[in-house]
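Student: Please take a close look at the salt bridges in this model. I would like the pairs, their distances and how accessible the partners are.

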Amino acid sequence: MVNRTHWPVPRATAPVRATCDVPGSKSLTNRYFVLAALADAPSIVRSPLVSRDTELMMRALDALGATFTPHGNDMSVDPIMCSDTNGAEVAIDCGLAGTVMRFVPPVALATGARAHFDGDPQARVRPMQTILDALSDLGAKVESENGYLPFSITTGEHVGHTVTIDASQSSQFVSGLLLSAARFPLGLTVKHLGETVPSKPHIDMTIATLKQYGVEVTQPDPTTWAVKPGPVHAIDVTVEPDLSNASTFLGVPLIAGGSVTVPHWPTHTDQAGHAFVDIARAFGGTAELTPAGLTVTGTGTVKPVDLDLSQVGELTPVVAAIAAHARGTSHLRGIGHLRGHETDRLTALATELAKAGAQVEEGADYLTISSPVSTGCTWNSYADHRMVMAGALVGLTQDVTIEDPDTVAKTLPQFTDMFERVVNT
């Protein structure tokens, strides 16, 4: 990958025919790393994603006492047996990784560490008060000026085993607490109060990974999760391809015509990105899962859609970019929580798609796209990897140059090279 400040997106001049191997899931990789760091013996995580977010997670857990040793494409993880900081406060760099800023503070409490958390300037506006209040209720001493980064966690006496939170802004609040819960002396019950939990498939993924590591977790009702105290057993696990990242490449034939195959697409998965199978069909394409992988085929004519994306919000930028090639009106609903991601994704998408000639209406929790992109533009990435991916799809039909394309290294450092190969195949 060549570092660059601007990337001219390749135009699609003919239908594509490509096979695209997609690296491992960031969401799974970081969950496996956290549980391996809390396990009772060394674990092996095979084919983990190598990206900025996963490297930040490894460095954070290493600072707390875990050890990561690469073996080819695999990673062995020696766990945190106890706090190894000798009482000193360790510095945790969260970058822009929501999984680091929301998964690692409970690890610090569970392992008896003192830790100071900070990150990129853009990370300092991402909501954190929910997790900080929960940790305080559990006995941690929390120092925070405003409920955002930066903040410090000092281990206190564990005083409770039940917390009530409002996770409406992010399912990561629930997942972060559940991942460390077995290491709390009394375990943990998490109760959610709020109208909805966004991206519930990510909570389902957390529960599935906990069970892989031998942790006993139950769900007494749809908004309550209970984890019993006990060991986290070491395992040997292989990371699935990142299906959300894959959706960008699978979107190419919907816009340009042709077909793209992503090998090793799992038959059964808890990844939210699997929803793209049905989304591709809604856009007028076909999606077929065979032993060779998932193949999406399109005609180059995109149908307008009406989609509730509340449970798969991370797909919204790619879906919006595809919808912006349809003749007709598309409605994307249930996505208000995306305003608290790496950037306010609804405003960012509305702004950039309008620059490319689309007509976009932005509501509190929806986007309505009623005319297709029609002109070239310089596309702002907003330091958001998903905005780079969205801009790439717009660039299939318009002359688009993306500013700061390397921000995509958050989850897929080789994205631009892979995209160019798919388009030019």
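Tutor: R339 and D344 form a salt bridge, with 2.9 Å between the closest N and O atoms; the model is a predicted one. R339 has a relative accessible area of 29% and is therefore partly exposed. D344, at 24%, is partly exposed as well.

E342 forms a salt bridge with K410, at 3.1 Å from N to O. K410 sits in the loop between β23 (400–403) and α12 (415–424), and E342 in the loop between β19 (330–333) and α10 (345–355), so this salt bridge ties together parts of the chain 68 residues apart in sequence. Buried means under 20% relative accessible area. K410, with 5%, is therefore buried, and E342, with 6%, is buried too. Both residues also belong to a network of salt bridges that links K26, D53, E342, R345, D384 and K410.

A further pair is D120 and R52, whose closest N and O atoms are 2.7 Å apart. D120 is in the loop between β7 (114–118) and α4 (129–137), while R52 is in helix α2 (residues 52–63); the two are 68 residues apart, and the pair links distant parts of the chain. Here the accessibility classes of the partners are as follows: D120 is buried at 16% relative accessibility, whereas R52 is partly exposed, with a relative accessible area of 31%.

For the structure as a whole, the search finds 17 salt bridges, among them R339 with D344, K410 with E342 and D120 with R52.

Technical notes. Residues numbered from 1 in each chain as written. Predicted model: local features only at pLDDT ≥ 70, side-chain atom pairs only at ≥ 80, totals over all residues. Heavy atoms only, no water. Salt bridge = Lys/Arg side-chain N within 4 Å of Asp/Glu carboxyl O. Helix = DSSP H or I, 4+ residues; strand = E, 2+ residues; numbered from the N terminus. Buried < 20%, exposed > 50% of the residue type's maximum accessible area, 1.4 Å probe, protein only.
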